[in-house]
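The following exercises are to be worked with the sequence and the structure at hand. Each task is followed by a solution in steps.

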Amino acid sequence: MNELLEEQLRYRSTQSAPRIWAGLVGLAVFFLLSFSDRTPGKEPSLLPRIDHLVYATPNLASGVEQIERLLGVRAVPGGQHPGGGTRNALIRLGDETYLEIIGPDTDQPKPLQPRRFGIDDLKAPRLVTWAVKVADLEAIIENAKRHGVDLGQVQSGSRRRPDGVLLSWRLTVSPLLTADGIVPFFIDWGQTPHPAAPLPKGCVLVALRAEHSDANRIQAELSALGLNLRVDPGSAPALIATIRTPHGDVELR
């Protein structure tokens, strides 16, 4: 009898061991997937989709100087936006990502319509919004409408670089910044070379997050658009970019 009992115990032990090990391996995989690469604002699926950040300023020259003090890199002149009354300067943040510093163009007459990004009402420069690169703008707009998000309409734009190269694009344009600029606009460069390509290296975008007084609503709108930008509660709308510079990481708002 004792020999039979011992044999049964040995059998149960040998049958249970693989199950225990399988369970332990499963738990290990779960925790690795749950906690790997979960640093806020550094989701691998978001950063490659960011086309550019928009840093609007009431005075382009002073905005360029302020960014140079913060990042230690001088922005490259971009060009005029004909009819829009603005001009920009650019800093590369990745292979297809850049920082756009945009302000009034004193060489153009003041446009009949307000300048984009609320530039006419700005008292100080700040990150006002961001752009995501896509290929089908109409589909993006329709999907946004289904989720109660108004991205405006598709419009075309262009500017000529100082070297004479004409850049053209299509983008979503809304009269007002969607969700105070926390929800991005979308852009398609088509066959145009990406503006970041010829810019000198020096800075890299490593994280982007946001703050808003209605954080849950904004987070839901972003999720409906397939964007996992983190939005924290805050007293005022804000985009916060972490940029790796020659002198270390810098937060830009």
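**Exercise 1.** Does Asp180 count as buried, partly exposed or exposed, and at what relative accessibility?

*Solution.* The structure is a predicted model, in which local features need pLDDT of at least 70 and side-chain atom pairs count only at pLDDT 80 or more, while totals for chains, interfaces and linings use all residues. Residues are numbered from 1 along each chain as its sequence is written, and side-chain values use heavy atoms, with hydrogens and water left out.

Step 1. Recall the cut-offs: buried means under 20% relative accessible area, exposed means over 50%, and partly exposed lies in between, with a 1.4 Å probe and protein chains only.

Step 2. Asp180 has 39% relative accessibility and therefore counts as partly exposed.

Step 3. Locate the residue: Asp180 belongs to the loop between β7 and β8. Strands are DSSP runs of E with at least two residues, helices are runs of H or I with at least four, and both are numbered from the N terminus.

Step 4. Examine the backbone: the phi of Asp180 is near 60°, a positive value in a residue other than glycine. Most residues other than glycine have a negative phi.

**Exercise 2.** Classify Asp163 and Phe117 by relative accessibility, and state where each is found.

*Solution.* Step 1. Asp163 lies in the loop between β6 and β7. Its relative accessibility is 51%, so Asp163 counts as exposed.

Step 2. The C-alpha atoms of Asp163 and Gly79 are 9.7 Å from each other, although the two residues are 84 residues apart along the chain.

Step 3. Phe117 is placed in the loop between β4 and β5. With a relative accessible area of 10%, Phe117 is buried.

Step 4. Phe117 is a residue other than glycine with a positive phi, near 65°.

**Exercise 3.** Which residues does Leu99 touch, leaving aside those up to four places away in sequence?

*Solution.* Step 1. Leu99 is part of strand β4, and its 0% relative accessibility makes it buried.

Step 2. Define contact as heavy atoms within 4.5 Å. With residues up to four places away in sequence not counted, Leu99 touches Leu53, Tyr55, Ile67, Leu71, Ala89, Leu90, Ile91, Leu93, Leu127 and Leu252.

Step 3. Consider one of these partners, Tyr55. The C-alpha atoms of Leu99 and Tyr55 are separated by 7.1 Å, and the residues stand 44 residues apart along the chain.

**Exercise 4.** Determine on which side of helices α3 and α4 the buried residues lie, and what they pack against.

*Solution.* Step 1. Helix α3 spans residues 137-146, and its residues Leu137, Ile140, Ile141 and Ala144 are buried. They cover an arc of only 95° around the axis, which means that they are on the same side of α3. The arc is that of the directions from the helix axis to the C-beta atoms.

Step 2. The buried residues of α3 pack against β6, β7 and β8. Gly148 follows α3 and has a positive phi, near 75°.

Step 3. In helix α4, residues 215-224, the buried residues are Ala215, Ile218, Glu221 and Leu222. Seen down the axis, they fall within an arc of 130°, so they line one face of α4.

Step 4. Those buried residues of α4 pack against β5, β9 (204-212) and β10 (230-233). Just after α4 comes Gly226, with a positive phi of about 75°.

**Exercise 5.** What is the volume of the largest pocket, and how is its lining made up?

*Solution.* Step 1. On a 1 Å grid over the protein atoms alone, a pocket is an open set of points with protein on both sides within 12 Å along at least five of seven lines, whereas a cavity is a set where a 1.4 Å probe fits but cannot get out; lining residues have an atom within 4 Å of a point. Grid points are joined across faces, edges and corners, and a volume is the space filled by probe spheres set on the points.

Step 2. The largest pocket has a volume of about 1,100 Å³. Its lining has 45 residues, of which Arg115, Arg116, Phe117, Val173 and Ser174 lie nearest the centre.

Step 3. The largest share of this lining comes from β6, with six residues.

Step 4. By class, the lining holds 20 nonpolar, 17 polar and eight charged residues. Ala, Val, Leu, Ile, Met, Phe, Trp, Tyr, Cys and Pro count as nonpolar, Asp, Glu, Lys and Arg as charged, and the others, Gly among them, as polar.
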